[in-house]
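Reader: I would like to learn how to read a structure like this one. Please show it to me and go through its features one at a time.

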Amino acid sequence: MKKIQAITLSAKWKERIFLLTMMAIPVAHFLVFFVYINLDTVALSFQSLDRSPSSSGEYIFVGWQNYREIFRGLTSPYSVFTKAIRNSLLLFALNNFVLLPLGILFAYLLHRKMPLAGAFRVIFYLPSIVSIVVLTMLFSFVFDSTNGIINPVLERLGLGHIIPEDGWLRSRDTAMKMVLLYCFWAGIGGNIPLLSGAIQRIPEELREAGRLDGVGFFGELWHIVIPLIGTTVSTLYMFGTTVIFTIFLQPKLLTGGGPDGETYTIALYIVESIRESGELTMGATVGILCALIGTPIVAITKRLLEKIFPTYEY
Amino acid sequence: MKSKCAKIFCVAAAWLFCGIFPSCGGGSEPIVDEKGVIIQDNQVYYLDPDVEGDSLENKTRIKITFAETGFGRTWLENAAKTFVYENSEYWIYLDGDPEVTTGFTNKLETGAAIADIYMVLASNWYDLALKGWIEPIDDVYDSKPDGESGKTVREKTDEVFLEYSKATVRNETKSYVLPWNENVTGIVYNADMFEEYGWEIPETMDEMVALCNQIISDTKGEVSPFVYPGSVGGYFDFLVNNWWLQVSGVEKVQEFFDFGSADVFNYRNAEDPSYGKLVALNQFNRLFGNKATGTYNGEEYSYTLSGSASKNHLQAQQSFIRGEAAMIPNGGWMECEMTNSLPDGFTMRMMRTPYIDDVSGKDGQEYISYNYSAQPDYMLIPSKANNIEGAKKFLSFLQRDDILKQYTRDTGSARPFEYELDSSFDYTDFTDDCLEIWENSDYNYFEQSKSALWLNGKVKLYNTVSPFTRIRSGEMTPAVFCGTEYNYVKENWDIWLSEIGAN
């Protein structure tokens with residue numbers, strides 16, 4: 001009987017096999033869900049479904065047609081896409097120039113143990129941990145024309161004339177304002193935990209030194225706190241910038257993009273164009289354009305923020 | 001000590017799992033009908049007592065995923081019960097999903113957890129046929145569900161719907177879908193309120209406007225004549241498309257939907273296809289525009305309930321049921337849809353869309369009656385279905401006379417096939433009204449188009465902006481909307497043609 005000789009591997013090979021095994025899943029994940037999907041998206045943006053009678057439903061190369069169509073849409077007075085860009089920029093401004101500064105202020109106030117700080121901590125943070133579906137429903141109910149509590153209150157106050165005939169969420173004048181109001185309400189607490197954590201890490205002696213030099217409440221905030229939490233502020237600002245291309249659930253759940261496309265965002269436009277037509281090509285084209293425009297914006301913003309908020313060791 | 005703790009933990013965990021999970025997946029009690037057909041956990045099956053050891057394992061499954069919305073599931077359960085009783089080699093799994101229409105295409109593409117039959121709401125199936133994801137069903141259309149002496153499904157199918165079922169793929173034209181229902185649309189009204197105040201059902205638009213004023217004055221402005229679901233599209237089409245048909249007739253409206261040239265959007269002369277669209281939007285303006293108001297005690301009241309624009313269909317229907325409004329534009333499914341919310345004794349009925357006074361019946365002619373049935377919901381078999389043969393057999397069976405009659409009894413709605421209604425059955429007043437409109441309309445019509453511009457999404461029924469929003473707010477008159485739209489379409493027509501490779 002032939003003796004089977006056991007295969008022995010050198011330690012080096014064992015290490016290689018171990019590393020390969022460990023790497024296989026993340027690498028496969030990266031290749032499939034990043035490399036393949038992105039390459040496929042680029043390819044799709046140059047294709048369109050062939051609907052001719054002789055077609056068998058394949059996607060055909062159409063050159064720059066999808067891109068031309070989007071640019072043509074941008075110049076059309078009836079384009080939903082133009083409204084989507086406007087609204088996405090508004091939400092970006094709300095996030096970075098309203099919610100972020102307010103977040104810093106409130107986090108600082110909470111840290112300074114303002115009266116009822118504990119209660120305010122819960123009030124600010126609660127909307128951030130409740131499901132967006134529940135929050136949007138709640139918000140819609142509050143402003144509902146029949147059962148909502150806002151309209152009767154306004155009527156009692158003699159402000160019935162400002163209630164829109166078509167309802168707050170369906171009037172062309174108020175719908176986007178309501179989406180912004182919702183984002184303000186639901187988003188104001190979102191930054192506070194991170195900012196509070198950053199403020200707490202500031203050494204007490206630095207603030208004491210400031211106070212000894214006669215720095216007041218706002219002076220301390222401006223000259224000591226904000227520079228020292230600069231990296232956190234930069235990160236939050238970067239997140240706030242990406243909403244230009246990512247935010248869609250809020251208008252989707254509140255208004256469905258209506259009325260008349262008034263509350264569309266770029267991301268909602270992509271989602272709806274795929275959902276409505278069942279076709280991926282226009283969504284892919286908008287996605288590629290967003291990446292082309294967004295990547296340099298994010299990169300430049302990051303550079304600028306690094307200059308404005310240098311990292312301090314403490 | 002450590003191992004003891006581990007043991008205790010394991011026992012506790014096992015106990016917890018055994019305790020919790022069986023109670024989660026408990027399953028329902030079987031319901032057995034008089035023939036012995038069993039319904040349990042969405043499964044419909046018949047164990048034949050004459051077959052020894054008959055069990056589910058010996059049978060082939062037909063899985064049906066259907067949009068469980070307005071018409072509910074009773075009709076399908078009843079059809080499935082009859083089918084499995086007569087074809088005991090099959091059992092049926094009924095998977096009701098109100099949102100199936102938005103998600104089923106992914107399943108058609110991947111074949112994962114796929115059903116054998118999908119019954120979905122009105123949507124674009126043409127691309128699915130092009131991509132080869134759905135099975136041609138000409139053999140279903142050629143089958144004879146009523147037996148060899150009966151008619152084929154094709155012969156029983158309404159011509160308009162037969163045309164709708166066809167798509168041309170690789171130069172071959174085949175039927176791919178089976179229409180589910182033929183809707184009746186119009187105006188649903190609160191019959192109790194009408195009786196209480198002695199309001200007459202209006203036949204013409206002038207009478208309708210007079211009625212709206214009367215409702216406001218009789219109820220001292222407390223009841224609005226109309227509520228509508230403004231956050232859900234399509235409900236105004238039920239009225240506006242009907243008026244358009246009254247003005248232009250089926251041929252002109254179909255000429256519009258064939259999109260032969262940009263001139264189908266011309267609205268200036270009575271012969272132009274879009275002239276009727278303009279007149280119809282004017283009628284819309286009379287009832288729903290910002291000047292559509294009546295007065296009581298010197299105060300103006302809108303014909304529509306405030307905030308209607310922000311209501312979805314269920315909220316609007318609830319407002320109607322609560323008596324906040326006397327009428328609502330809706331369809332034959334509404335009674336079925338609201339069954340569980342109707343207060344005891346509440347009676348709703350359906351009236352025909354009013355005739356435009358000086359159009360349909362001019363020169364002493366009879367009014368031509370139309371029912372705008374809206375795009376149909378439909379049934380299809382995926383190419384990757386596991387049981388195509390069983391699925392085809394079931395689809396053919398659904399067109400059997402007795403099953404069609406059963407459908408109407410269960411849903412109060414008709415299917416677009418040739419069959420006699422069950423006159424002995426005690427339908428509700430609402431269903432009676434709907435069936436009367438369906439049977440006695442000169443034309444039942446819905447829009448369909450095989451135009452490449454339409455299929456590619458370049459042209460729509462309304463282009464530029466939503467006319468309903470702008471007309472309601474007073475920002476645009478119907479004429480301004482039609483003019484703007486015509487100019488926009490003319491400017492872009494050649495570009496669109498070149499984009500779809502037709503220029």
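Author: The turns below take up the conventions, the contact between chains, salt bridges, single residues and a surface patch.

Reader: What kind of model is this, and how is it numbered?

Author: This is a predicted model, in which local features need pLDDT of at least 70 and side-chain atom pairs count only at pLDDT 80 or more, while totals for chains, interfaces and linings use all residues. Residues are numbered from 1 along each chain as its sequence is written, chains are lettered from A and ligands numbered from 1 in the order in which they are written, and side-chain values use heavy atoms, with hydrogens and water left out.

Reader: How many residues does each chain bring to the contact between chain A and chain B?

Author: Contact means heavy atoms within 4.5 Å. Here 31 residues of chain A and 38 residues of chain B take part.

Reader: What area do chain A and chain B bury between them?

Author: Buried area is the accessible area (1.4 Å probe) that two parts lose on being put together, summed over both. For chain A and chain B this is about 2800 Å², with 42% of it on carbon and sulfur atoms. On the side of chain A, the residues that lose the most area to chain B are A:Arg51, A:Arg72 and A:Tyr78, together 24% of what that side buries.

Reader: How many polar contacts and salt bridges are there between chain A and chain B?

Author: A polar contact is a pair of N or O atoms within 3.5 Å; within protein, one must be able to donate a hydrogen and the other to accept it, and residues adjacent in sequence count only if both atoms are side-chain atoms. Between chain A and chain B, 12 residue pairs are in polar contact (both at pLDDT 80 or more). A salt bridge is a side-chain nitrogen of Lys or Arg within 4 Å of a carboxyl oxygen of Asp or Glu. The count between chain A and chain B is 5 salt bridges. One of them joins B:Arg472 to A:Asp166, with the closest N and O atoms 2.8 Å apart.

Reader: Which helix gives the most to the side of chain A that touches chain B?

Author: Helices are DSSP runs (H or I, at least four residues), numbered from the N terminus, as are strands (E, at least two). α2 of chain A gives the most to that side, with 3 residues.

Reader: How many salt bridges are there over all chains?

Author: The count is 37. In one of them, A:Arg86 meets A:Glu262 at 3.4 Å, N to O. This pair links distant parts of the chain, with A:Arg86 in helix α3 and A:Glu262 in the loop between α12 (249-254) and α13, 176 residues apart.

Reader: Are A:Arg86 and A:Glu262 buried or exposed?

Author: Buried means under 20% relative accessible area, exposed over 50%, and partly exposed in between (1.4 Å probe, protein chains only). A:Arg86 has 38%, so it is partly exposed. A:Glu262 counts as buried because its value is 8%.

Reader: Which parts does the salt bridge of B:Asp142 and B:Arg154 tie together?

Author: The side chains of B:Asp142 and B:Arg154 meet at 3.0 Å, N to O. B:Asp142 lies in helix α5 (residues 138-142) and B:Arg154 in helix α6 (residues 153-156) of chain B, so the pair ties together parts 12 residues apart in sequence. B:Asp142 is partly exposed at 45%, and B:Arg154 is partly exposed at 25%. Elsewhere, salt bridges that share partners join A:Lys83, A:Arg86, A:Arg172, A:Glu262 and B:Glu475 into one network.

Reader: Where is B:Thr464, and is it buried or exposed?

Author: B:Thr464 sits in the loop between α17 (452-455) and α18 (467-473) of chain B. At 15% relative accessibility, B:Thr464 is buried. Its phi is near 65°, a positive value in a residue other than glycine. B:Ala113, which is not a glycine either, has a positive phi of about 50°, and B:Ala113 is exposed at 54%.

Reader: What does A:Ser171 touch?

Author: Not counting residues up to four places away in sequence, A:Ser171 touches A:Pro164, A:Asp166 and A:Pro259. A:Ser171 is buried, at 9%.
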